[in-house]
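These entries record what I looked up in one structure, item by item. I began with enclosed space, then turned to strands and sheets, and ended with open pockets.

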Amino acid sequence: MTKVTVADAKGRTVKGAIGSDGTWRPEWPLRPSTTYTVKAQAAGAGGLQVNGASTFTTLKPKRVLESGMAPLDGEKAGVGMPVQLLLSRPITSREARAAIERSLVVRMSEPVEGAWSWVSDREVQFRPREYWPVGERVTVVAHLAGLRAGPGVWGTKDRSLTFTVGPEHITKVSAKIHKAVVRENGKVVKTIPVSLGRPGDDSYSGVMIAQEKAADIVMDSATIGEPGEYRIKTKWNVRMTYSGTFFHAAPWSTGAQGNSNVSHGCVNASPADARWFYDFTQRGDIIEVTGTSRKLRFGNGPTPWAKSWEDWLAGGALGKPVTG
């Protein structure tokens with residue numbers, strides 16, 4: 001074999017190479033339910049060249065593996081933003097998880113050490129060992145088309161995204177001194193008086209990220225199993241956990257902000273300070289809370305920084321770091 005070209009019905013060629021054993025192999029698996037045409041050249045005895053062509057169709061999956069990714073393609077994110085690959089079916093075997101990890105390619109403008117780690121049967125995340133460098137450009141490609149993810153389960157579509165890392169925003173919130181100290185690229189840019197969770201409704205301590213932002217939210221205690229406790233409209237909300245911890249405006253607690261903890265677990269600030277923080281914040285910014293009796297639970301949101309690097313590595317099927 002001296003030359004092989006493989007293309008689908010739309011003329012899109014498949015990347016591949018001829019190995020030392022003379023066999024052509026694709027760089028990544030072929031897509032299911034797809035017809036391919038092969039054109040090959042080979043040299044026989046005496047250098048005689050022969051040409052051949054063939055057409056074949058790959059199998060139609062019994063079950064399909066769908067996927068989604070975050071952050072958004074083109075987004076500017078904070079230094080703590082993980083890459084999330086979300087899957088439509090549970091992946092439980094180590095073999096299938098390893099196959100998925102091997103299908104994931106991470107490219108970086110400034111190569112740093114990172115790793116994939118499974119946070120559930122349906123989600124694997126990538127984080128760098130330390131926070132992302134400011135200005136980093138990251139491209140992630142999930143080569144899932146043609147990937148066998150279990151008996152009769154096949155991926156049918158690749159996924160990709162590119163994001164950039166904005167300025168380093170790290171906010172440290174203390175329940176003891178009732179202040180949030182906001183730094184940009186290591187420099188303090190604002191100190192905000194705050195009120196955290198009252199006794200019995202303690203805020204979570206730990207390293208979180210800004211998960212999403214919403215200018216207006218109706219907070220209802222029924223969503224945490226306490227109907228009738230409160231139902232109130234809030235402004236300038238920055239989500240910190242899936243379970244409902246936000247940094248938000250609380251005009252009703254301005255008298256307590258800076259001196260006592262009276263909230264139901266959120267970080268309360270004045271309307272002016274909350275608006276400033278909302279405008280300042282990028283998704284993926286680091287928000288670290290200290291001084292409370294309740295520890296952040298891993299998985300309560302994208303929480304890659306709730307684990308040590310060693311524990312993060314242990315959560316991957318391949319168990320080894322990746323340098324983009």
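**Entry 1. Enclosed space**

I looked up the largest cavity and noted a volume of about 30 Å³. The model is predicted, and I read every entry below with that in mind. I then asked how many cavities of 30 Å³ or more there are. The count comes to one.

I listed the lining of this largest cavity: His169, Ile170, Thr171, Ala210, Phe277, Phe280, Thr281, Asp285, Ile286 and Ile287. Sorted by class, these lining residues are six nonpolar, three polar and one charged.

Next I assigned the lining to secondary structure. Strand S17 (169-174), helix H2 (271-280) and strand S25 (286-290) each contribute at least two residues to the lining of the largest cavity. I asked which element gives the most to this lining. It is S17, with three residues.

**Entry 2. Strand S4 and its partners**

I examined the side chains along strand S4 (residues 35-43) and found that they alternate. Tyr36, Val38, Ala40 and Ala42 point to one face and are buried. Thr35, Thr37, Lys39, Gln41 and Ala43 point to the other face and are not buried. I set this beside the general rule that side chains in a regular strand alternate between the two faces of the sheet.

I then traced the pairing of S4. Strand S1 (residues 3-8) pairs with S4 in the antiparallel sense, over six bridges. Within that pairing, I noted that Val4 has Ala40 of S4 as its bridge partner. Ala40 is also one of the buried residues of S4.

S4 is also joined to strand S5 (residues 49-57), by nine bridges, and the two run antiparallel. Here the bridge partner of Ala43 is Gln49 in S5. The hairpin of S4 and S5 has five residues between the strands, and I recorded a positive phi near 75° for Gly46.

**Entry 3. A three-stranded sheet**

I looked up the open sheet whose three strands follow the order S6-S15-S14 and found its pairing to be mixed. Strand S6 (63-65) and strand S14 (148-150) stand at the edges with a single partner strand each, so each has one side without a neighbour in the sheet. Direction ignored, neighbouring strands of this sheet are turned against each other by 40° on average.

Within this sheet, I checked S14 against strand S15 (residues 153-155): they pair antiparallel over two bridges. Gly150 stands opposite Val153 in S15.

**Entry 4. His248 and its sheet**

I located His248 in strand S23 (residues 246-249). Is His248 buried or exposed? Its relative accessibility is 3%, so His248 counts as buried, the cut-off being under 20%.

I looked for side-chain partners and found a polar contact of 3.4 Å between the side chains of His248 and Asn268. Asn268, in S24, is also the bridge partner of His248. The two strands S23 and S24 pair in the parallel sense over three bridges.

I then placed this pair in its wider sheet, an open one of four strands in the order S21-S22-S23-S24, with mixed pairing. Strand S21 (212-220) and strand S24 (267-269) are the edge strands, each pairing on one side only. From one strand to the next, the twist averages 35°.

**Entry 5. Open pockets**

I looked up the largest pocket and noted a volume of about 570 Å³. It is lined by 28 residues, of which Ile224, Tyr230, Gly244, His264 and Cys266 are the closest to its centre. I compared the lining with the sheet of the previous entry: S21, strand S22 (231-239) and S23 each supply at least two lining residues. Which element has the largest share of this lining? S21 does, with four residues. By class, the lining of the largest pocket comprises 12 nonpolar, 11 polar and five charged residues.

The second largest pocket holds about 390 Å³ of space. Among its 16 lining residues, Val14, Lys15, Trp28, His143 and Asp158 are the closest to its centre. I recorded the classes of this lining as seven nonpolar, two polar and seven charged.

How values were computed: Residues numbered from 1 in each chain as written. Predicted model: local features only at pLDDT ≥ 70, side-chain atom pairs only at ≥ 80, totals over all residues. Heavy atoms only, no water. 1 Å grid on protein atoms, 1.4 Å probe; cavity = no way out; pocket = protein on both sides within 12 Å on 5 of 7 lines; lining within 4 Å. Points joined across faces, edges and corners; volume = space filled by probe spheres on them. Nonpolar A, V, L, I, M, F, W, Y, C, P; charged D, E, K, R; others polar. Buried < 20%, exposed > 50% of the residue type's maximum accessible area, 1.4 Å probe, protein only. Pairing = 2+ DSSP bridges. Axes fitted to C-alpha atoms, helices over the stretch in contact; angles between N-to-C directions. Polar contact = N/O pair within 3.5 Å; in protein donor to acceptor, adjacent residues only side chain to side chain.
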